[in-house]
Amino acid sequence: MPGAKNSVLKLMAAALMVPGTTILRNVPDIADVAIMSELLRRLGCEVVLDLADGVLLITVPGQLEHRADYDLVRRLRASIAVLGPLMARLGEADIAVPGGDAIGSRGLDIHLRGLELMGAVVTSAGGYLHAAAPAGLRGIDYELDFPSVGATETLVTAAVGARGLTRLENCAREPEVADLCTMLAAMGVPITGIGTDTLTIEGDHALAPVEHVVVPDRIVTGTWAFAAAMTGGEVIIDGARPELLSLPCATLCEAGAHIETTPTGMRVRGPARPRAVDAVTLPFPGFPTDLQPHIIALDAIAEGSALVTENLFEARFRFVAELARLGANVKVDGHHCLITGVPRLSGAPVEGTDIRAAAALVLAGLVADGVTHVLHVHHIDRGYADFAGALRGLGADVERVTVDIADVVG
Ligand code: EPU
């Protein structure tokens, strides 16, 4: 199982904090890694990507730039991950404001409030955030308003360059946050509470570049598990870490799937037809919002009705209208979605609105009669390496084609 998109991007940014060569292994061959590599190069790093072996070498110079341009930030919202490391290393950062995206407005107030408490002055002009701490950052005691993944990562990395101790409460506990903290600890940062909601970081210590293996991608793992559960197929997922997916696995078992842990990962066997299952998305260890489209797609063909509640991103139900084009019986009311399963979906052209929605629409296409064209699959490339090829390897009839959209939509 390749490394997690939502970990590797932050590990790449964290490498900025120490001159020398950081080596990352188990790096996924995805578009977002290429864009983050470009951003690091513009900041002055040399980045060598050996995708065949999943190895990434980042050589950080003694002198770094501190500006993340809009042309990259608009393509990779996760560019904001360089904010904390640049503040730790340089005490200054100019980052294009990422703005909202297809899944919601995506605020930054928790990141910025924490940085201000550390002594940074944050201003915004011309579409850029400028953060500077001319007198250096200082350690703080701070309770995050919400266990935001990005804000936890910004503040943990900024704290690495702050004088004294930082104690952060109500932190995100996602495995990708823990992976970042583990790498920081290996670099020489005294950090406690990894994997819990309270992290303490002692700043201003000597750091050394490290070699680190990226945690396997639990959302890609979950995607293959849902594919098996929806199609009545069987998938062996090598390198998966089922303990990072306890709730999705329990939910799939409730839907009728059989899941076994194997010495190298896990095996998932789908039922003839799944039973409808409810889900409520919440920060880890709750049900991940990044598998919400997948569970709605499963419920769309399941026996019975289910209620799926989205608590993280206000616009993540946008894709439901596309699923309805395939014949799904779905009703959205605020942040709830009621799905009543139908025995078969019916193939049609649909638009992938974001990475997870597009992947879930492909899974829905596998169980739809006739041909389903999923448009805008470039979203899938952001986080899944050769998605169509991997599905074909599992026996699915999926092809990636370049088409004139007019030929598809008629
Ligand atoms: N939020 C604020 N203010 C803040 C920070 C967050 O209001 O200062 C809100 C956001 O607007 C959102 C919610 O809090 O409504 C959750 O945001 P969070 O910061 O936890 O998410 P993120 O860091 O922006 C990461 C992943 C997402 C994943 C979420 C939740 C990366 C690059 N992205 O986003 O992944 O859904 O955590 O687990 O790590 C994806 O891979 O498809 C994806 C969207």
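This is a short tour of a predicted model, one selection at a time.

**Stop 1: a link across the sequence**

Start by selecting Arg25 and Glu211, and show their side chains. The two meet in a salt bridge, with 2.6 Å from N to O. Now colour the strands: Arg25 lies in strand S1 and Glu211 in strand S12 (residues 211-213), so this pair ties together parts that are 186 residues apart in sequence. Are these two buried, exposed or something in between? Arg25 has 33% relative accessibility, so it counts as partly exposed. Glu211 is partly exposed too, because its relative accessible area is 48%, and the cut-off for exposed is over 50%.

Why would such side chains pair up at all? Side chains of opposite charge can pair when their charged atoms come close. Once you know what to look for, there are others to find: a search of the whole structure turns up 19 salt bridges.

**Stop 2: one turn along a helix**

Next, select helix H2 (31-42) and pick out Glu38 and Arg42. Both sit in this helix, four residues apart, which is about one turn. Their side chains form a salt bridge, and the closest N and O atoms are 3.6 Å apart. Arg42 is partly exposed at 31% relative accessibility, and Glu38 is partly exposed at 30%.

Keep that pair on screen and add Arg67 and Asp69. These two meet in a salt bridge of their own, at 2.8 Å from N to O. Arg67 has 39% relative accessibility, which makes it partly exposed. Asp69 is also partly exposed, with a relative accessible area of 21%; the cut-off for buried is under 20%.

How do the two pairs belong together? Add Arg41 and Asp71 to your selection, and you have the whole set: salt bridges that share partners join Glu38, Arg41, Arg42, Arg67, Asp69 and Asp71 into one network.

**Stop 3: a negative patch**

Switch to a surface view and select Asp109, Glu143, Asp145 and Asp197. Together they form a negative surface patch. Zoom in on Asp197, which you'll find in the loop between strand S10 (191-192) and strand S11 (199-202). Asp197 is partly exposed, with 36% relative accessibility.

**Stop 4: two cysteines**

Go back to sticks and select Cys171 and Cys181. How many disulfides does the structure hold? The count is zero. Cys171 is in no disulfide, and the nearest cysteine sulfur, that of Cys181, is 7.8 Å away. It works the other way round as well: Cys181 is in no disulfide, and its nearest cysteine sulfur is that of Cys171. For a disulfide, the two sulfur atoms would have to be within 2.5 Å, so this pair does not count as one.

Buried or exposed? Cys171 has 2% relative accessibility, so it counts as buried. Cys181 is buried as well, at 1%.

**Stop 5: a buried aspartate**

Stay with the helix that runs over residues 175-187, which is H7, and select Asp179 in it. Asp179 is buried, with a relative accessible area of 8%. Now add Lys10 and draw a distance between the two C-alpha atoms. What separates them in sequence and in space? Asp179 and Lys10 are 169 residues apart in sequence and 9.3 Å apart in space.

**Stop 6: backbone oddities**

Hide the side chains for a moment and look at the backbone. Select Asn26, right in the loop between strand S1 (20-25) and helix H2 (31-42). Its phi is near 60°, a positive value in a residue other than glycine. Asn26 is partly exposed, at 25% relative accessibility.

Then jump to His376, in the loop between strand S23 (373-375) and helix H13 (378-381). Here too phi is near 60°, and again the value is positive in a residue other than glycine. His376 counts as partly exposed, with 32% relative accessibility.

For the last selection, choose Phe284 and Pro285. Is the peptide bond between them cis or trans? From Phe284 to Pro285 the bond is cis, with omega near 10°. Pro285 lies in the loop between strand S16 (279-280) and helix H10 (292-300).

Terms used. Residues numbered from 1 in each chain as written. Predicted model: local features only at pLDDT ≥ 70, side-chain atom pairs only at ≥ 80, totals over all residues. Heavy atoms only, no water. Patch = residues over 30% accessible without salt bridge, like charges linked within 9 Å, V, L, I, M, F, W, Y side chains within 5 Å. Areas by Shrake-Rupley, 256 points an atom, 1.4 Å probe, with all protein chains shown as cover. Salt bridge = Lys/Arg side-chain N within 4 Å of Asp/Glu carboxyl O. Lys, Arg positive; Asp, Glu negative; His and termini not counted. Charge placed at Lys NZ, Arg CZ, Asp CG, Glu CD. Helix = DSSP H or I, 4+ residues; strand = E, 2+ residues; numbered from the N terminus. Buried < 20%, exposed > 50% of the residue type's maximum accessible area, 1.4 Å probe, protein only.
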